[in-house]
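This report examines selected local features of one protein structure. The sequence and the coordinates are shown first.

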Amino acid sequence: MAKPIAIEVYNPNGKYRVVSTKSMPGTRWINLLIEQDCRVEICTQKKTILSVEDIIALIGDKCDGVIGQLTEDWGETLFAALSRAGGKAFSNMAVGYNNVDVNAANKHGVAVGNTPGVLTETTAELAASLSLAAARRIVESDQFMRAGLYDGWLPHLFVGNLLKGQTVGVIGAGRIGSAYARMMVEGFKMNLIYYDLYQSTRLEKFVTAYGEFLRANGEQPVTWKRAASMDEVLREADVISLHPILDKTTYHLINKESLATMKKEAILINCSRGPVVDEVALVEHLKQNPMFRVGLDVFEDEPYMKPGLADMKNAVVVPHIASASKWTREGMATLAALNVLGKIKGYPVWGDPNRVEPFLNENAPPPAASPSIVNSKALGLPVSKL
């Protein structure tokens with residue numbers, strides 16, 4: 001058994017015990033739990049990632065619900081421990097739940113929450129930021145300046161790519177992919193090519209309308225095309241941003257062969273899931289193609305990078321911060337807490353997990369519902385009529 005680990009306790013006499021495996025931004029999520037008679041215990045252990053043994057120690061003998069993180073291994077062992085402690089709810093503070101064995105949760109009757117609907121624009125903004133940083137070689141230039149190497153203006157100094165009039169490719173045109181596409185089309189007047197199993201009619205209408213606006217004002221209109229295959233996007237796009245889900249079909253979606261399909265001066269952005277990209281193949285491609293550039297927020301073996309990636313000047317790498325705006329992270333904490341609280345209190349599940357504004361309005365009580373329970377059907381949970 002793991003040694004007891006450091007915690008911070010709020011409302012020690014609360015009826016329900018809710019554990020958070022990490023300190024989370026903001027205080028509203030804590031206050032919402034306290035107002036509903038919850039004792040809130042927050043792990044303050046100085047470890048980035050808690051082990052299964054650590055979390056079992058946190059759960060203890062009595063625990064009604066846990067708020068956890070996507071870095072944790074929530075499988076049979078943890079759901080069995082939570083169930084033994086009387087727990088009925090777990091929520092990731094994340095939209096993804098690749099770290100969760102939902103079947104194990106179903107077996108033990110534990111509701112699994114996630115936090116969609118609050119990350120879209122923030123994640124898309126970071127993808128756009130990485131696109132611009134890679135295109136204009138901003139990180140390289142910053143390091144050059146800080147090293148005191150700038151002697152004066154030169155015609156060839158850090159020449160990068162112009163985005164205006166180029167083609168942006170999006171693989172996975174869901175909420176985040178479409179938001180990114182709109183930013184790049186409207187912000188930099190780029191043409192769009194996208195690949196998705198489903199037609200993105202709203203995105204197509206947006207680009208069409210913006211193109212008509214540009215034409216009416218005497219400018220070159222932007223265009224869009226829905227590609228018949230991913231390879232078509234890879235061949236034609238100058239900037240390619242990845243926004244697929246991670247499953248068996250998208251593991252190493254970008255590999256040696258697909259990288260060879262891309263333009264020699266293309267830019268690749270990944271703010272989705274690390275294993276979508278074969279990182280070893282990517283490092284080799286970056287070495288062989290110095291004008292090819294990449295912007296990465298996620299990595300195949302987080303928190304580690306594959307050998308050689310950190311040495312690549314044509315790579316911009318950031319530590320999984322796509323959702324790291326104050327508003328979004330505080331909203332994620334609130335949604336995760338309300339997922340757990342809703343199950344504890346016997347509330348129904350919110351009907352549309354992507355429309356979460358009522359839960360985030362600080363000037364009104366949140367709806368009496370769990371914002372998003374991914375296994376609600378398997379557990380037979382009722383859906384809110386609100």
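The sections below treat helix packing, backbone geometry, cysteines and individual residue environments in turn.

## Basis

The structure is a predicted model.

## Helix packing

Two packed helices are described by the angle between their axes and the distance between the axes. The pair formed by helix α1 (residues 28-35) and helix α12 (residues 326-345) has axes that come within 8 Å and cross at roughly 20 degrees. Because angles under 35 degrees count as roughly parallel, α1 is roughly parallel to α12. The crossing of these helices, α1 and α12, is right-handed. On the α1 side, the residues that meet α12 are Arg28, Trp29, Leu32 and Leu33. Their counterparts in α12 are Ala333, Thr334, Ala337, Leu338 and Leu341.

Leu32, located in helix α1, belongs to this interface. With a relative accessible area of 9%, which is under the 20% limit, Leu32 is therefore buried. When neighbours within four places in sequence are left aside, Leu32 is in contact with Thr334, Leu338, Leu341 and Pro366. Between Leu32 and Arg202, which are 170 residues apart along the chain, the C-alpha separation is 36 Å.

A second pair consists of α7 and helix α8 (residues 201-216), whose axes come within 10 Å and cross at roughly 10 degrees. This angle too lies under 35 degrees, so α7 and α8 are roughly parallel to each other. From α7, the residues Ser178, Ala181, Arg182, Val185 and Glu186 meet Leu203, Phe206, Val207 and Tyr210 of α8.

## Backbone geometry

Which peptide bond is cis, with omega near 10 degrees? The bond in question runs from Glu302 to Pro303. Pro303 is placed in the loop between β12 (293-296) and β13 (315-317).

Positive phi values occur at Arg137 and at Lys189, neither of which is a glycine. For Arg137, phi is about 55 degrees, and the residue sits in the loop between α5 (120-135) and α6 (138-146). Arg137 has 18% relative accessibility and therefore counts as buried. For Lys189, phi is near 55 degrees, and the loop that holds Lys189 connects α7 (175-188) and β8. The relative accessible area of Lys189 is 25%, so Lys189 is partly exposed.

## Cysteines

A disulfide is a covalent bond between the sulfur atoms of two cysteines. How many disulfides does a search of the whole structure find? The search returns zero. For Cys38, the nearest cysteine sulfur is that of Cys63, 10 Å away, and Cys38 is in no disulfide. Cys43 is likewise in no disulfide, its nearest cysteine sulfur being that of Cys63 at 13 Å. The cut-off for a disulfide is a pair of cysteine sulfur atoms within 2.5 Å. Cys38 is buried, as its relative accessibility is 0%. Cys43 is buried as well, with a relative accessible area of 4%.

## Individual residue environments

Asn191 is found in strand β8 (residues 191-195). Its relative accessible area of 18% makes Asn191 buried. The side chain of Asn191 reaches the backbone nitrogen of Thr223 at 2.9 Å. Apart from neighbours within four places in sequence, Asn191 contacts two groups of residues: Gly165, Gln166, Thr167 and Val168, together with Pro221, Val222 and Thr223. Thr223 thus appears both in the list of contacts and as the partner of the Asn191 side chain.

Thr122 lies in helix α5 and is buried, with a relative accessible area of 12%. Not counting residues up to four places away in sequence, Thr122 touches Ala322, Ser323, Ala324, Ser325 and Thr328.

Asp231 is found in helix α9 (residues 230-236). At 35% relative accessibility, Asp231 counts as partly exposed. Asp231 and Leu259 are 28 residues apart in sequence, and their C-alpha atoms are 9.9 Å apart in space.

The table collects the accessibility of several residues discussed above.

| Residue | Relative accessible area | Class |
|---|---|---|
| Leu32 | 9% | buried |
| Cys38 | 0% | buried |
| Cys43 | 4% | buried |
| Thr122 | 12% | buried |
| Arg137 | 18% | buried |
| Lys189 | 25% | partly exposed |
| Asn191 | 18% | buried |
| Asp231 | 35% | partly exposed |

Technical notes: Residues numbered from 1 in each chain as written. Predicted model: local features only at pLDDT ≥ 70, side-chain atom pairs only at ≥ 80, totals over all residues. Heavy atoms only, no water. Helix = DSSP H or I, 4+ residues; strand = E, 2+ residues; numbered from the N terminus. Buried < 20%, exposed > 50% of the residue type's maximum accessible area, 1.4 Å probe, protein only. Polar contact = N/O pair within 3.5 Å; in protein donor to acceptor, adjacent residues only side chain to side chain. Contact = heavy atoms within 4.5 Å. Axes fitted to C-alpha atoms, helices over the stretch in contact; angles between N-to-C directions. Parallel < 35°, antiparallel > 145°, perpendicular 65-115°, else oblique. Left-handed = near helix turned anticlockwise from the far one by under 90°.
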